[in-house]
Amino acid sequence: MKKIILSTLVVFSLASCKKENQQSEETSTVNDSVAVIEPKVSQSALKTITNEQATEFLSKKNDTLYVTNFFATWCGPCVKEIPHFKNKIEELKGKPVKITFISLDSKDDWNTKVPQFVQEQGIEKNTILLDGTSLNGNFFTSNFKEWTGNAIPFTFMRKGDKTEEVEGSMSEEMLNEKINSLLK
């Protein structure tokens, strides 16, 4: 019985090796289609920031409107509002507005899920990584009036000394209203 099982395993192993060789000999079109399966964005394409760098970024006070959305790939409400932000990125292109997504996903997902997700969403150029497990109460009290880190999505907006904080998902109308009020 052991010999039969062992023989079967060897046959399957040899057959799969033969298939691999056949695939490598096929045209480059097939190779290109295989490459599409892998995420095109690598971890090095997504900037990683520390808590201190995040605080520095969030405290910028000038004539630019900074809209920062904290999200995670596994958060349904986060995913639902991303198209609203993408529309604003397109609409406000060339204006003094910077929309940034900060992923709070686990470091384990930084090389796999996050790059694939941001590529699928079309936000890879606007996304940075922050280790959410390293955030403590001091980070929240130093940067925000209301947010304690207990829920996402969370959006922080700053233009000069004016700020807006929104905990929870925003409709497109609400996002437009908040941005327009800060741009005045």
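**Exercise 1. Work out whether strand S2 is enclosed or open, and where its side chains point.**

Solution. Keep in mind that this is a predicted model.

Step 1: Count the buried residues. Seven of the seven residues of S2 are buried, so the strand is largely enclosed by the rest of the structure.

Step 2: Sort the side chains by direction. Leu65, Val67, Asn69 and Phe71 point one way from S2, while Tyr66, Thr68 and Phe70 point the other way. That fits a general pattern: in a regular strand the side chains alternate between the two faces of the sheet.

Step 3: Look at the strand it pairs with. S2 and S3 run parallel to each other and share seven bridges. Two pairs you can find on screen are leucine 65 with valine 97 and threonine 68 with threonine 100. S3 is mostly covered too, with six of its seven residues buried.

**Exercise 2. Find out which elements build the largest nonpolar core.**

Solution.

Step 1: Start with the core itself. It has 25 residues, and among those with the most contacts inside it are Leu65, Val67, Phe85 and Ile179.

Step 2: Trace the suppliers. S2 (65-71), H4 (76-91), S3 (97-103), H5 (113-121) and H7 (172-183) each give at least two residues to this core.

Step 3: Zoom in on one member. Once you skip its neighbours within four places in sequence, isoleucine 179 touches Leu65, Val67, Lys88, Leu92 and Met157.

Step 4: Don't stop at one core. A second, separate core of 17 residues includes Phe57, Leu104, Leu130 and Phe144.

**Exercise 3. Show which residues of helix H7 are buried and which are exposed.**

Solution.

Step 1: Check the length of the helix. H7 has 12 residues and reaches 16 Å from its first C-alpha to its last, close to the 16 Å expected at 1.5 Å a residue.

Step 2: Pick out the buried residues, which are Leu175, Lys178, Ile179 and Leu182. They cover an arc of only 95° around the axis, which puts them on the same side of H7.

Step 3: Link this to helix geometry. An α-helix has 3.6 residues a turn, so residues three or four places apart point the same way.

Step 4: Turn the helix over. Glu173 and Glu177 are exposed on the other side of H7.

Step 5: Ask what does the covering. S2, H4, S5 (154-159) and S6 (162-167) are among the elements over the buried residues of H7.

**Exercise 4. Do the two-sided analysis again for helix H3 (residues 51-58).**

Solution.

Step 1: List the buried residues: Asn51, Ala54, Phe57 and Leu58. Their arc around the axis is only 120°, which puts them on the same side of H3.

Step 2: Look at the face turned away from that side. Here you'll find the exposed residues Glu52 and Glu56.

Step 3: Identify the cover. It includes S1 (47-49), S2, S3, S4, H6 and S5.

**Exercise 5. Decide whether aspartate 131 and threonine 141 are buried or exposed, and describe their surroundings.**

Solution.

Step 1: Place aspartate 131. It sits in the loop between S4 (127-130) and H6 (137-143).

Step 2: Compare its accessibility with the cut-off. Buried means under 20% relative accessible area, and aspartate 131 has 14%, so it counts as buried.

Step 3: Find its partners. The side chains of aspartate 131 and threonine 133 make a polar contact of 2.6 Å. Leaving out neighbours within four places in sequence, aspartate 131 is in contact with Asn51, Lys107 and Trp110.

Step 4: Now take threonine 141, which is in helix H6. The cut-off for exposed is over 50%, and threonine 141 has a relative accessible area of 63%, so it is exposed.

Step 5: Check its side chain. A polar atom there lies 3.3 Å from the backbone oxygen of asparagine 138.

**Exercise 6. Describe the whole chain, then track down a cis peptide bond.**

Solution.

Step 1: Count the elements. The protein chain has seven helices and six strands, in the order α-α-β-α-β-α-β-α-β-α-β-β-α from the N terminus.

Step 2: Consider burial overall. Buried residues make up 36% of the 184 residues.

Step 3: See how far contacts reach along the sequence. Of the contacts with a separation of 6 or more, 70% are between residues 24 or more positions apart.

Step 4: Find the cis bond. It joins isoleucine 152 and proline 153, with omega at about 5°. Proline 153 lies in the loop between H6 and S5.

Conventions
Residues numbered from 1 in each chain as written. Predicted model: local features only at pLDDT ≥ 70, side-chain atom pairs only at ≥ 80, totals over all residues. Heavy atoms only, no water. Core = buried A, V, L, I, M, F, W, Y, C linked by side-chain atoms within 4.5 Å. Buried < 20%, exposed > 50% of the residue type's maximum accessible area, 1.4 Å probe, protein only. Helix = DSSP H or I, 4+ residues; strand = E, 2+ residues; numbered from the N terminus. Contact = heavy atoms within 4.5 Å. Expected span 1.5 Å × (residues − 1). Arc of directions from axis to C-beta. Polar contact = N/O pair within 3.5 Å; in protein donor to acceptor, adjacent residues only side chain to side chain. Pairing = 2+ DSSP bridges.
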